[in-house]
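Thanks for asking me to look this one over with you. Here are my notes, written so that you can follow them with the structure open beside you.

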Amino acid sequence: AGCREGAAAATTSGVRGCDVKPTSPDQQGQNARILPTGMVNVSGLPLRTLLQLAWDLQGDGLMDAPKWTETARFDLVARAFASTTNMDQPPIEIDTLRQMLRTFLTERFQIKTHVETRDVNGYVLSAPKPRLTKADPASRTRCTEGPAANTADPRNRNPVLSRLITCQNMTMAQFAERLQSLANGYVRVPALDATGLEGGWTF
């Protein structure tokens with residue numbers, strides 16, 4: 001049985017007891033929570049955001065969706081899995097939850113999708129005048145927020161700098177790959193390494 005607006009029915013997606021309805025025009029803000037009781041509560045999310053969550057898409061990964069999906073907001077309450085308050089019940093995997101949401105949205109909105117490759121704009125990492133320190137190859141590869149231990153914080157001299165990331169024993173290829181997760185509000189597709197620098201660096 002499909003889950004229709006305002007209905008409480010089982011679905012082929014595994015999302016049971018679901019209830020979906022347009023968000024009230026008076027409601028402000030957005031919220032999405034997965035509760036230990038197995039309930040998924042979503043309020044005020046645009047349909048486009050729900051689609052991106054379901055298909056795990058970033059930035060321009062969702063193309064050619066109708067314009068109204070950006071403004072049409074929905075509330076969703078569903079039981080996706082049994083309560084996890086019992087220690088023997090493992091929490092649901094996020095990929096499983098995405099698949100449930102994907103199947104539910106497909107049923108509810110009669111969505112048709114396909115995957116294709118398109119050229120998009122992206123970033124290329126270059127190093128015209130690199131000022132990096134060669135890393136100890138035995139040190140751990142990582143990036144952390146804030147300055148390295150026992151080093152001055154440059155933000156103390158320049159308050160305009162609001163965020164500082166310190167990377168240790170990282171190749172430029174690894175750094176380019178990680179940029180999308182470090183700054184996903186700006187870097188929406190994987191960056192390419194064109195520095196020509198080999199080995200690990202600390203910066």
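The points below go through two helices, the cores, one loop residue and some salt bridges.

1. Before anything else, keep in mind that this is a predicted model. Everything I say below is about that model.

2. Let's start with helix α1, which runs over residues 47-55. Which of its residues are buried? They are Leu47, Arg48, Leu50, Leu51, Gln52 and Ala54. Notice that the list includes Arg48 and Gln52, so don't skip them when you colour the helix by burial: buried here means under 20% relative accessible area.

3. What lies over those buried residues of α1? The cover includes strand β3 (39-46), strand β4 (73-79) and helix α2 (94-109). Then have a look just past the end of the helix: Asp56 comes right after α1 and takes a positive phi of about 55°.

4. Now for the largest nonpolar core, which has 20 residues. Leu47, Leu50, Leu76, Phe104 and Leu105 are the ones with the most contacts inside it. At least two residues of this core come from each of β1 (16-22), β3, α1, β4 and α2. Helix α2 gives the largest share, with 6 residues. As background, nonpolar side chains in soluble globular proteins tend to be buried together.

5. There is another core, lying apart from that one, and it has 14 residues. Among them are Met172, Ala176, Leu179 and Val187. Three of those names, Met172, Ala176 and Leu179, will turn up again in helix α3.

6. Helix α3 covers residues 172-182. Its buried residues are Met172, Phe175, Ala176, Leu179, Gln180 and Leu182. What do they pack against? The answer is a set of strands: β5 (124-125), β7 (142-145), β8 (165-168), β9 (192-193) and β10 (201-202).

7. Next, find Leu197, in the loop between β9 and β10. Its C-alpha atom is 9.4 Å from that of Ser126, although the two residues are 71 residues apart along the chain. Setting aside neighbours within four places in sequence, Leu197 is in contact with Ala127, Pro130, Leu132 and Met172. Met172 is also one of the buried residues of α3, so clicking on it is a handy way to get from that helix to this loop.

8. On to charges. How many salt bridges does a search of the whole structure find? It finds 6. As a reminder, side chains of opposite charge can pair when their charged atoms come close.

9. One of the pairs is Lys67 with Glu70, whose closest N and O atoms are 3.3 Å apart. Is Lys67 buried or exposed? Lys67 is exposed, at 63% relative accessible area, while Glu70 is partly exposed, at 37%.

10. Glu145 and Arg163 also meet in a salt bridge, at 2.6 Å from N to O. Glu145 sits in strand β7 and Arg163 in the loop between β7 and β8, so this pair ties together parts that are 18 residues apart in sequence. Glu145 is exposed, with a relative accessible area of 51%, and Arg163 is partly exposed, with 44%.

11. Finally, salt bridges that share partners join Asp64, Glu116 and Arg118 into one network. Within it, the closest N and O atoms of Arg118 and Glu116 are 2.5 Å apart. Arg118 is partly exposed, at 37%, and Glu116 is partly exposed too, at 45%.

Note on methods: Residues are numbered from 1 along each chain as its sequence is written. This is a predicted model: local features need pLDDT of at least 70, side-chain atom pairs count only at pLDDT 80 or more; totals for chains, interfaces and linings use all residues. Side-chain values use heavy atoms; hydrogens and water are left out. Buried means under 20% relative accessible area, exposed over 50%, partly exposed in between (1.4 Å probe, protein chains only). Helices (H or I, at least four residues) and strands (E, at least two) are DSSP runs, numbered from the N terminus. Contact means heavy atoms within 4.5 Å. A nonpolar core is a set of buried Ala, Val, Leu, Ile, Met, Phe, Trp, Tyr and Cys residues joined through side-chain atoms within 4.5 Å. A salt bridge is a side-chain nitrogen of Lys or Arg within 4 Å of a carboxyl oxygen of Asp or Glu.
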